[in-house]
Amino acid sequence: MSLRLVEFVVAGNEASDLLPVRSPALLRAYGATRGFWTVLDEGPVESCLALLLERTDGEWVAHHVPADAGAENGRTEDGEALAHHDGWVYVFGSHFGSKAGPLRPRRAFVARFREDDAATGTLPVRVVRNRFRVHRAINDALAKAPFTPLPPGDRVRDRFIVETVARGTARAKGWVSRLAGDDLPLNVEAAAFHPDGTVLLGLRFPVTVDGEPVLVELAGVPEMFAPGGGWPRAGRAYALTGVTPPGELVGFRALTPTADGGYAAVTGSIDALGKGSVLLDDHPAGGEVTSRHVRFRWEPTDDGRIPAELVAELAPFRHVEGLAELDGRCFYVTDEDHRVALWLG
């Protein structure tokens, strides 16, 4: 596959995910013919939203979008996944932690906003922090899954689960009751809504014992933002089959609906090399993995398996963080040091 590179510097940060802009008003406001949302790493969500736009003259430009999360300003970090539903753009936190642990409550959040609002000034963003309720729901779903998740290893369990419980207990945090000693640390990396309002979450970790990517249903996400609120409920967990090279561990890196009612995804490593990842210390087969573009339909079999097909090998790239299929073309965004790299197919 021949790709053309467009590079940006956006707040000196790297990008996660790639979501097509659907708002004509927003495109008009920036003199653009098309564009994508991305979310930047590490900082609070209201500081990490950006647009990658193709202007009418064909030039690509980036805009760091000013946003305001009100009382939740500064209380989130590590937005990873973007998804459209019912006129809203949703942002999902990783629900993970640093590469050496522990889990971080600031990463357990969902936010949403309306695209049109970004055309007229500071973007209002609504944030709901779930204090490990999603962690609990997904772990309960994984415990009932018809496949076996990969055990995390003693060091991973100590750093991510035992240490998180110890810290929360020392600070008298109520969320400690939502963690259990045999839990798996979750790294939410990808999301796409089904038309019925269920969101499919693609996990970077855990994977199955056979190294396959894991997908989990989560219902009730829009209701989190309604008056009086409510908390999401996890449905079934599924394993994506047919796209894991022998001997490797492969997680989700991106997920997007396709025009034919299916889904496209990027799969890749369970964590980055050379950054002190305890996941890779315990599971080195999950690091030397290049990215792949795959497609599947959400038609799982009784054993929780969803067959997928390979679209393209994205080697030598190891850090493809976002994917969009738009107007018959493929677009990818890669996680680069202090830059945003958009690849045009």
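**Notebook: a sheet, a pocket and some unusual backbone spots**

I began with one pair of residues, and noted that Leu323 has Tyr332 of β21 as its bridge partner. The model I am reading is a predicted one, and I keep that in mind for each entry below.

**Entry on the sheet.** I then looked up the strands around that pair, and found that β20 and β21, the latter covering residues 329–336, pair in the antiparallel sense over 6 bridges. Following the pairing outward, I found an open sheet of 4 strands, which run in the order β1-β22-β21-β20 with antiparallel pairing. I asked myself which strands form the edges of this sheet. They are β1, residues 4–8, and β20, residues 320–326, and each of these pairs on one side only. I also wrote down the twist, which averages 20° from one strand to the next.

**Entry on the largest pocket.** I next turned to the largest pocket, for which I noted a volume of about 540 Å³. Its lining is made up of 24 residues, and the closest to the pocket centre are Arg22, Phe193, Thr256, Pro257 and Thr258. When I looked up which elements give two or more residues to this lining, I found β2 (15–20), β7 (79–85), β12 (187–193), β16 (251–257) and β20, so named in the model's own strand numbering. Which of the elements gives the most to the lining? I found that β7 does, with 4 residues. As for the character of the lining, I counted it off as 15 nonpolar, 7 polar and 2 charged residues.

**Entry on cis peptide bonds.** I looked for cis peptide bonds and wrote down the one that joins Gly101 and Pro102, where omega is about -5°. Pro102 has its place in the loop between β8, residues 88–93, and β9, residues 109–113. I wrote down another cis peptide bond between Phe205 and Pro206, with omega about 0°, and I located Pro206 in the loop between β13 (199–205) and β14 (214–219).

**Entry on positive phi.** The loop between β8 and β9 came up again, as His95 is found there. I noted that His95 has a positive phi of about 60° although it is not a glycine. Is His95 buried or exposed? With a relative accessible area of 3%, His95 counts as buried, because buried means under 20%. I made a similar note for Arg131, which is not a glycine and yet has a positive phi of about 50°. Arg131 sits in the loop between β11, residues 126–129, and α2, residues 133–143. At 35% relative accessibility I entered Arg131 as partly exposed, since that label covers what falls between the 20% and 50% limits.

**Entry on Gly304.** My last entry concerns Gly304, which lies in the loop between β18 (292–296) and β19 (305–313). I found Gly304 to be buried, with a relative accessible area of 0%. I asked which residues Gly304 is in contact with, leaving aside its neighbours within four places in sequence. The list I copied down is Pro146, Phe147, Arg236, Ala237, Tyr238 and Ala239. I also looked up how far Gly304 stands from His338, which is 34 residues apart from it along the chain, and found their C-alpha atoms separated by 39 Å.

Conventions: Residues are numbered from 1 along each chain as its sequence is written. This is a predicted model: local features need pLDDT of at least 70, side-chain atom pairs count only at pLDDT 80 or more; totals for chains, interfaces and linings use all residues. Side-chain values use heavy atoms; hydrogens and water are left out. Two strands pair if DSSP finds at least two bridges between them. Axes are lines fitted to C-alpha atoms, for helices over the stretch in contact, and angles run from 0 to 180 degrees between N-to-C directions. On a 1 Å grid over the protein atoms alone, a cavity is a set of points where a 1.4 Å probe fits but cannot get out, and a pocket is an open set with protein on both sides within 12 Å along at least five of seven lines; lining residues have an atom within 4 Å of a point. Grid points are joined across faces, edges and corners, and a volume is the space filled by probe spheres set on the points. Ala, Val, Leu, Ile, Met, Phe, Trp, Tyr, Cys and Pro count as nonpolar, Asp, Glu, Lys and Arg as charged, and the others, Gly among them, as polar. Buried means under 20% relative accessible area, exposed over 50%, partly exposed in between (1.4 Å probe, protein chains only). Contact means heavy atoms within 4.5 Å.
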